[in-house]
Amino acid sequence: MNDMATIKVPRAVRDKVRDAAQAAHLTQGQLIEELLHERSKAEFWAALESETPDTDYLDELDEADQAFAADTESAIADYEAGR
């Protein structure tokens, strides 16, 4: 059994989440989980970078993460633009 909860957000935020989830072919819950995961990864890499003197490999990993995020943002923008 899935426990479901209602969260209070402004209507504009709700609509953006709904539209982005539809564009990504995800449920709203899946999209939120994905976004939280991306935020967690960003926090992890920021903490690691602050502790690591040699950041060359971190820069490459960050570049790959940014490319993935850009692809996701582009897909959402295309959906919102009706393309």
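Visitor: Before we look at the pockets, what counts as a helix here?
Guide: Happy to start there. In this predicted model, the elements are DSSP runs numbered from the N terminus. A helix is a run of H or I with at least four residues.

Visitor: Which helices each supply at least two residues of the lining of the second largest pocket?
Guide: That pocket has a volume of about 230 Å³. Its lining includes K16, L31 and F68. The helices that each supply at least two lining residues are α1, α2 and α3 (56-80).

Visitor: Which element gives the most to the lining of the second largest pocket?
Guide: Among the lining residues are F68, A69, T72, E73 and I76. The element that gives the most, with five residues, is α3.

Visitor: And the largest pocket, which elements give two or more residues to its lining?
Guide: The largest pocket has a volume of about 460 Å³. It is lined by 13 residues, with A5, I7, Q28, G29 and I32 lying nearest its centre. The elements giving two or more residues to this lining are α1 (11-23) and α2 (28-51).

Visitor: How many residues of that lining are charged?
Guide: Let's sort the lining of the largest pocket by type. Seven of its residues are nonpolar and five are polar. The charged count is one.

Visitor: The structure holds one aromatic pair; what is the arrangement of F44 and W45?
Guide: Two values settle this nicely. The ring centres of F44 and W45 are 4.9 Å apart, which is within the 6.5 Å limit for a pair. Their planes stand at 75 degrees, and angles over 60 count as edge-to-face. Therefore the arrangement of F44 and W45 is edge-to-face.

Conventions. Residues numbered from 1 in each chain as written. Predicted model: local features only at pLDDT ≥ 70, side-chain atom pairs only at ≥ 80, totals over all residues. Heavy atoms only, no water. Phe/Tyr/Trp six-rings, centres within 6.5 Å; stacked < 30°, edge-to-face > 60°. 1 Å grid on protein atoms, 1.4 Å probe; cavity = no way out; pocket = protein on both sides within 12 Å on 5 of 7 lines; lining within 4 Å. Points joined across faces, edges and corners; volume = space filled by probe spheres on them. Nonpolar A, V, L, I, M, F, W, Y, C, P; charged D, E, K, R; others polar.
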